[in-house]
Amino acid sequence: MSQSLRQALISGRLDRLAIAVSGLCVAHCFVTAVVLGLLASAGGIFESPIFHEAGLMIAITLGAIALGHGAIVHGFMMPAAVGSLGLGVMTGALTMDHGLQESVYTLIGVGILALGHDLNHRASH
């Protein structure tokens, strides 16, 4: 493991980055569902499944590293369990057709994942 990644894990920067990515996901879902949904021509571009798939890959990677490292360092499994539940809800949302229901489940999953990262960050300090 590189020194910079190790330092990011120890200082909690990776959890803060993961929370920021979760926030970007919320913004993306909100903009896509509400604002761009009103503009049919622009909405089609940003509703592409590649945005959701790429976001999920980023969330899974950051979640696995940050939450897993936290569980090893501070010994608490609750943050990893909460974060994993959020990732599961997000993954389930990807199986749904694009629309309001998918957006709602994605936002719920992102919120749960962000809570897991926050719990992990608090447990580390």
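Let me begin with residues 54-77, where the end C-alpha atoms lie 27 Å apart. This span is 88% helix and 0% strand. I should say at once that we are looking at a predicted model. The stretch is one of two that the unreviewed UniProt entry annotates as "transmembrane region", the other being residues 21-42. As with any such record, the annotation may be inferred rather than shown by experiment.

Turning to the chain as a whole, the secondary structure consists of 6 helices and 0 strands, in the order α-α-α-α-α-α along the sequence. Of the 125 residues, 32% are buried. The chain exposes about 7100 Å², and carbon and sulfur atoms supply 73% of that area. Among contacts with a separation of 6 or more, 70% are between residues 24 or more positions apart.

Next, helix α5, residues 78-94. Its 17 residues should span 24 Å at 1.5 Å a residue, and the end C-alpha atoms are 25 Å apart, so the two values agree. The buried residues of α5 include Pro79, Val82, Gly83, Gly86, Leu87, Val89 and Met90. What do the buried residues of α5 pack against? Their partners are α4, residues 49-74, and α6.

That brings us to α6, which runs over residues 100-123. Here 24 residues should span 34 Å at 1.5 Å a residue; the end C-alpha atoms are 35 Å apart, which again agrees. Among the buried residues of α6 are Glu102, Ser103, Thr106, Gly109, Val110, Leu113, Gly116, His117 and Asn120. In an α-helix there are 3.6 residues a turn, so residues three or four places apart point the same way.

Two residues of α6 deserve a separate word. His121 belongs to this helix. Is His121 buried or exposed? Its relative accessibility is 18%, and because the cut-off for burial is under 20%, His121 counts as buried. Beyond its neighbours within four places in sequence, His121 is in contact with Ser11, Gly12, Asp15 and Arg16.

Ile108 lies in α6 as well. Its relative accessibility is 43%, so Ile108 counts as partly exposed. Together with Leu100, Val104 and Tyr105, Ile108 forms a nonpolar patch on the surface, and these four have about 380 Å² of accessible area together.

To close on α6: this helix carries buried residues such as His117, and Ile108, at 43% relative accessibility, is partly exposed.

Key. Residues numbered from 1 in each chain as written. Predicted model: local features only at pLDDT ≥ 70, side-chain atom pairs only at ≥ 80, totals over all residues. Heavy atoms only, no water. Patch = residues over 30% accessible without salt bridge, like charges linked within 9 Å, V, L, I, M, F, W, Y side chains within 5 Å. Areas by Shrake-Rupley, 256 points an atom, 1.4 Å probe, with all protein chains shown as cover. Salt bridge = Lys/Arg side-chain N within 4 Å of Asp/Glu carboxyl O. Helix = DSSP H or I, 4+ residues; strand = E, 2+ residues; numbered from the N terminus. Buried < 20%, exposed > 50% of the residue type's maximum accessible area, 1.4 Å probe, protein only. Expected span 1.5 Å × (residues − 1). Contact = heavy atoms within 4.5 Å.
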